Amino acid sequence: MTNQAASLGQKITNRTAVVGIIGLGYVGLPLMATFHRAGFPVIGFDVDPRKIDALNRGENYLKHLGADLVTAMKTGAKFDATADMGRLGEADAIISCVPTPLGHHREPDLSFIEKCSDDIARTLRKDQLIILESSTYPRTTRDVMLPRLEKGGLKCGTDFYCAYSPEREDPGRKDFSTQTIPKLVGGIDPQSGELAVALYSAAIAKVIPVPSAEVAEAAKLLENIYRAVNIALVNEMKMVLDAMGIDIWQVVDAAKTKPFGFQAFYPGPGLGGHCIPIDPFYLTWKAREVNMPTRFIELAGEINVQMPDFVVSKVQLALNDRSKAVKNSRILVVGLAYKPDIDDVRESPSFELIEKLEHLGAHVDYHDPLVPQTFKMRHHDLHMKSVGWSKEIVASYDCVLIATNHSTYDWQMIADNAKLIVDTRNALSKVTGKRDHIVKA
Ligand SMILES: NC(=O)c1ccc[n+]([C@@H]2O[C@H](COP(=O)([O-])OP(=O)(O)OC[C@H]3O[C@@H](n4cnc5c(N)ncnc54)[C@H](O)[C@@H]3O)[C@@H](O)[C@H]2O)c1
């Protein structure tokens, strides 16, 4: 280890290394709290002044992380939050958790990584450790981030250090947290890898060094592609079995009794969130460079994007059976978030369901206890507010469409009061009483 690396290593061991986190969203905020809890001084950086103001007031804007997350950070080791990227030089280790969305033509949008790399480069100094956590295609750290960092003349591996460590956050999950999810770490060079492993090991229960930044980048994509493909498989099975009058959820429950060789995936109204609908297409794009097709990814994407249409056709048929048209029917979509018990609506299929039903002439409302109103997103701007919640309200709709199974919902109340229910999550599996008004989709 060089003298410089040794002195950074020493600061990590002593927990005096200042950890700067860029991008204080679903990934960055819990990561900052994890390093703070481990005793490190932390500085959070974000371009959104509302987030910075909230943090400095001691408020947490991500409800699923608990009300006291930020107040706890305001005690103990140093905590600071700022929109001033000129202060990045104060951090000994900088971890970037900025977004990696898709552009309009499903191409990777690396503009956030590029901008934050340029911001880091402006104050880059000897001895700093820079880590990228955003999900992206292999070689992004080396080919996109590193040249920007080295522009000022400092060299990675001797002057400063650089690594990639994929985030495996699963917001809302109760059995694992940022601190207990095993962390993969791959360096641009061995020295960088070693320092990054030391940093994470000081805050995270299990750290797994991998041979390179590229292995870590590709592992993250493999994890998400595995999910996308298996969800597509079970969604296709759902449509096939539905035509045969067989319940896919009963079939998955039966298959998962096999103690090996099968992992249960569940069908749904479509893919949501910032990872599964997006990350696989980062690899598809990059694979073109080496003339390789990504047939599994494309096919899975095709099946998964079909799901909202399948659900809408089930609503149409269910209303038809009751001599009703979708046009002018009142439909209540239950759940706007893309998965239970969080308020994240990014890429949520509920938005497509609402738009498609409205397009057919339905009057659509939604209810979500965690999403009081919609806001402008990349593809949608619904201008809607969550409606009130009571037996009478549920009973007043021609159809209740269950899109998200938040655990706070009283499913029996919905089953007892709704005229017709289309259930995309098997949320009503345990309700008792009559069931002939429940359609699975
Ligand atoms: N949300 C998840 O569950 C999850 C899980 C695993 C991996 N990831 C990956 O982690 C990355 C971040 O995702 P997220 O869900 O936390 O996103 P997010 O949108 O919740 O948070 C990103 C934050 O970065 C800020 N930001 C954008 N550009 C910036 C810049 N140049 N400088 C400083 N701040 C900037 C935004 O204001 C925002 O607060 C993505 O690559 C995503 O694919 C997300």
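1. Let's start with the ligand's surroundings. By class, the shell around the ligand is made up of twelve nonpolar, eight charged and six polar residues. Keep in mind as you read that this is a predicted model. In total, 26 residues surround the ligand, and the closest are Val27, Asp46, Lys51, Thr100 and Arg346.

2. Two of those closest residues are worth a zoom, along with Val47. A ligand oxygen sits 2.6 Å from a side-chain N or O atom of Asp46. At Val27 the partner is the backbone: a polar backbone atom there is 2.9 Å from an oxygen atom of the ligand. Val47 also uses its backbone, with an N or O atom 3.4 Å from a nitrogen atom of the ligand. How much of the ligand does the protein bury? Taken alone, the ligand exposes 840 Å², and 93% of that is buried by the protein.

3. Now have a look at helix H2, residues 28-37. This helix is mostly covered, with nine of its ten residues buried. The buried set is Gly28, Leu29, Pro30, Leu31, Met32, Ala33, Thr34, Phe35 and His36. After H2 comes Gly39, which has a positive phi near 100 degrees.

4. Helix H6 (residues 140-150) is a good one to colour by burial. Its buried residues are Thr140, Thr141, Val144, Met145, Leu146, Leu149 and Glu150. As a reminder, an α-helix has 3.6 residues a turn, so residues three or four places apart point the same way. What do the buried residues of H6 pack against? Their partners are three strands, S4 (93-96), S5 (129-132) and S6 (161-164), plus helices H5 (111-123) and H8 (213-243).

5. On to the cysteines. A disulfide is a covalent bond between the sulfur atoms of two cysteines, and this structure holds zero of them. Cys116 is in no disulfide, and the nearest cysteine sulfur, in Cys97, is 9.1 Å away. With 4% relative accessibility, Cys116 counts as buried.

6. Why is there no bond between Cys162 and Cys156? The closest cysteine sulfur to that of Cys162 is the one in Cys156, but at 5.1 Å the two are too far apart for a bond; a disulfide would need the sulfur atoms within 2.5 Å. Cys162 is buried too, with a relative accessible area of 0%.

7. Two backbone angles may catch your eye. Most residues other than glycine have a negative phi. Asp341 is not a glycine, yet its phi is positive, about 65 degrees. You'll find Asp341 in the loop between strand S9 (330-334) and H12, where it is partly exposed at 27% relative accessible area.

8. The other angle belongs to His383, also not a glycine, with a positive phi of about 55 degrees. His383 is in the loop that runs between strand S10 (363-367) and helix H13 (391-395). Is His383 buried or exposed? Its relative accessible area is 67%, so His383 is exposed.

9. One last stop is His359, in helix H12 (residues 349-359). His359 counts as exposed, at 71% relative accessibility. If you want a landmark, try Lys327: this residue and His359 are 32 residues apart along the chain, and their C-alpha atoms are separated by 8.9 Å.

Key:
Residues are numbered from 1 along each chain as its sequence is written. This is a predicted model: local features need pLDDT of at least 70, side-chain atom pairs count only at pLDDT 80 or more; totals for chains, interfaces and linings use all residues. Side-chain values use heavy atoms; hydrogens and water are left out. A residue is near a molecule or strand if one of its heavy atoms lies within 4 Å of it. A polar contact is a pair of N or O atoms within 3.5 Å; within protein, one must be able to donate a hydrogen and the other to accept it, and residues adjacent in sequence count only if both atoms are side-chain atoms. Accessible areas come from the Shrake-Rupley method with a 1.4 Å probe; for residues, only the protein chains shown count as cover. Ala, Val, Leu, Ile, Met, Phe, Trp, Tyr, Cys and Pro count as nonpolar, Asp, Glu, Lys and Arg as charged, and the others, Gly among them, as polar. Buried means under 20% relative accessible area, exposed over 50%, partly exposed in between (1.4 Å probe, protein chains only). Helices (H or I, at least four residues) and strands (E, at least two) are DSSP runs, numbered from the N terminus. Contact means heavy atoms within 4.5 Å.
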